Amino acid sequence: MQTKTRSPKQPPPARSVDLPGALPMLRSLNEVARSLCYIEGPEPPFEAVVRVAQSLFNSDGIAILVREPSGEHVFRTAQGVLSEWRDYTLSGACSDLLKALSDRDQVALFKRNQRNPWAREFLFAAGMHWGALAPIRVRDQNVGALLLNNANAVHVRAEHVEVLEHLATLAGVAIVEGRVRYGLEDLFMSVIVSLTMALEAKDPYTEGHSVRVAAYSEAIGKQLGLPPVLLDMIHRSCLLHDIGKIAVDEHILTKKERLSAIEREKMDMHVLIGESILRPIALLHPLLPGVRHHHEHYDGTGHPDGLKGEEIPIEARIIAVADAFDAMTSSRPYREPLPEEQALSELRRAAGTQFDPRVVAAFEQIYPAVKRTLEHMRI
Ligand SMILES: [Fe+2]
């Protein structure tokens, strides 16, 4: 559990803030509700709640605390003067106070002249004059709290309190939707990853291929400075990148001789088949570009779309390098594995034609460490 100490700041002189009337409030609530109706919305679910709360209440600090299954409250989002609290777990005394406030199931308003521990921690310490805490409840369960504060005094009427309650309810919908979505994604992923593993396990030449490609690719993405959410997406795309091979004849997959033109065409189809297998599952749509485009070439000579340079999604450019390296250093029915130095020099040779040179350079940086990890895991 994390705790923080703060030195109280001198608050600025209080001015009063006029809040909007009922109609703009209602419109804004509808906007949040609509944003939660999309499976693949334009922004993460909490963002609409935070954006609207900020604009309606002219807040200097906004946070959404989520009660995790462990019972702890974690700042899942925090902005403005509260931004440094993001991802922190609420400490003991504050957590007990929050539970007590949440059990009352009503919006609590704090002013600077009140002397209660919550106001001291989150209001005065941040130099604020006004604060509001709306418990987030879903089906009689406490799932979190919406916290707002303001450097100025805010004159709140009954309709504003009601709007805060609605915003908290919408945040609750976002929390529950997120959990359901995560559970579903997890379920779909495990079914499909099991299918991939089953496919790879049938062929001793490809066993463990997707897991190794995922390990290389995630490390390349990290080396390139990609954000964690993209790294996670890249990891999952790699586990599924060759799922379309499930529909390619086994004799083509395991053929010792060179593939004929027709067989090559059938083999190349695996990227489109993979995409069509995953497309019906909306939750997996972010993974489609990596699956479809991992055989594009940087100079535009690849397939299926002949995309060029940065037209190729970054995850596909990364998978292409990791996939090629693993294929070169693994046994194939038609050849022995290449020594790693030779495979690395092949990557260098094709940097700028088949592969993105930045990705190849990043691969060379991460390879020794990932190789050690994979050896340790015996993959
Ligand atoms: Fe592939």
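## Exercises on helix packing and backbone geometry

α12 and α14 are oblique to each other. The model is predicted, and the exercises below start from this helix pair.

**Exercise 1.** Work out how α12 (residues 314-329) and α14 (residues 357-377) cross, and which residues make the contact.

*Solution.*
- Step 1: take the axes. They come within 10 Å and cross at roughly 55°.
- Step 2: classify the angle. Perpendicular would need 65 to 115 degrees and parallel under 35, so the pair counts as oblique.
- Step 3: find the hand. The crossing of α12 past α14 is right-handed.
- Step 4: list the contact. α12 supplies Ile-314, Arg-317, Ile-318, Val-321 and Phe-325. α14 supplies Arg-358, Val-359, Val-360, Phe-363 and Tyr-367.
- Step 5: sort by class. The contact of α12 with α14 has eight nonpolar and two charged residues, and no polar ones.

**Exercise 2.** Describe how α12 meets α13 (residues 340-349).

*Solution.*
- Step 1: the axes of α12 and α13 come within 9 Å, and their crossing angle is roughly 145°.
- Step 2: the crossing of this pair is right-handed.
- Step 3: on α12, the contact uses Val-321, Ala-324, Phe-325, Met-328 and Thr-329. On α13, it uses Glu-340, Ala-343, Leu-344, Glu-346 and Leu-347.
- Step 4: by class, the contact of α12 with α13 has seven nonpolar residues, one polar and two charged.
- Step 5: look back at the α14 contact. Val-321 and Phe-325 of α12 are listed there, and they are listed in the α13 contact too.

**Exercise 3.** Check the lengths of α6 (residues 209-223) and α7 (residues 228-240) against a rise of 1.5 Å a residue, then list their buried residues.

*Solution.*
- Step 1: α6 has 15 residues. Its first and last C-alpha atoms are 21 Å apart, close to the expected 21 Å.
- Step 2: α7 has 13 residues, which should span 18 Å. Its end C-alpha atoms are 19 Å apart, so the two values agree.
- Step 3: apply the burial cut-off, under 20% relative accessible area. In α6, the buried residues are His-209, Ser-210, Arg-212, Val-213, Ala-214, Tyr-216, Ser-217, Ala-219, Ile-220 and Gly-221.
- Step 4: in α7, they are Leu-231, Met-233, Ile-234, Arg-236, Ser-237, Cys-238, Leu-239 and Leu-240.
- Step 5: look just past α6. Gly-225 has a positive phi of about 80°.

**Exercise 4.** Locate Asn-58 and Asp-105, give their phi values, and decide how accessible each is.

*Solution.*
- Step 1: recall the background. Most residues other than glycine have a negative phi.
- Step 2: Asn-58 has a positive phi, near 50°. Asn-58 sits in the loop between α2 (45-57) and β2 (61-67).
- Step 3: the relative accessibility of Asn-58 is 45%, so Asn-58 counts as partly exposed.
- Step 4: Asp-105 has a positive phi, near 55°. Asp-105 sits in the loop between α3 (92-103) and β4 (108-111).
- Step 5: the relative accessibility of Asp-105 is 47%, so Asp-105 counts as partly exposed.

**Exercise 5.** Assign the peptide bond from His-303 to Pro-304 as cis or trans, and place Pro-304 in the fold.

*Solution.*
- Step 1: read omega. It is near 10° for this bond, and the bond is cis.
- Step 2: set that against the background. Most peptide bonds are trans.
- Step 3: place the residue. Pro-304 is in the loop between α11 (288-293) and α12.

**Exercise 6.** Summarise the protein chain as a whole.

*Solution.*
- Step 1: the chain has 14 helices and seven strands.
- Step 2: of its 379 residues, 47% count as buried.
- Step 3: take contacts between residues at least 6 apart in sequence. Of these, 62% join residues at least 24 apart.

Conventions:
Residues are numbered from 1 along each chain as its sequence is written. This is a predicted model: local features need pLDDT of at least 70, side-chain atom pairs count only at pLDDT 80 or more; totals for chains, interfaces and linings use all residues. Side-chain values use heavy atoms; hydrogens and water are left out. Axes are lines fitted to C-alpha atoms, for helices over the stretch in contact, and angles run from 0 to 180 degrees between N-to-C directions. Helices (H or I, at least four residues) and strands (E, at least two) are DSSP runs, numbered from the N terminus. Angles under 35 degrees count as roughly parallel, over 145 as roughly antiparallel, 65 to 115 as roughly perpendicular and the rest as oblique. A crossing is left-handed if the near helix is turned anticlockwise from the far one by less than a right angle, and right-handed if clockwise. Contact means heavy atoms within 4.5 Å. Ala, Val, Leu, Ile, Met, Phe, Trp, Tyr, Cys and Pro count as nonpolar, Asp, Glu, Lys and Arg as charged, and the others, Gly among them, as polar. The expected span of a helix is 1.5 Å times one less than its number of residues. Buried means under 20% relative accessible area, exposed over 50%, partly exposed in between (1.4 Å probe, protein chains only).
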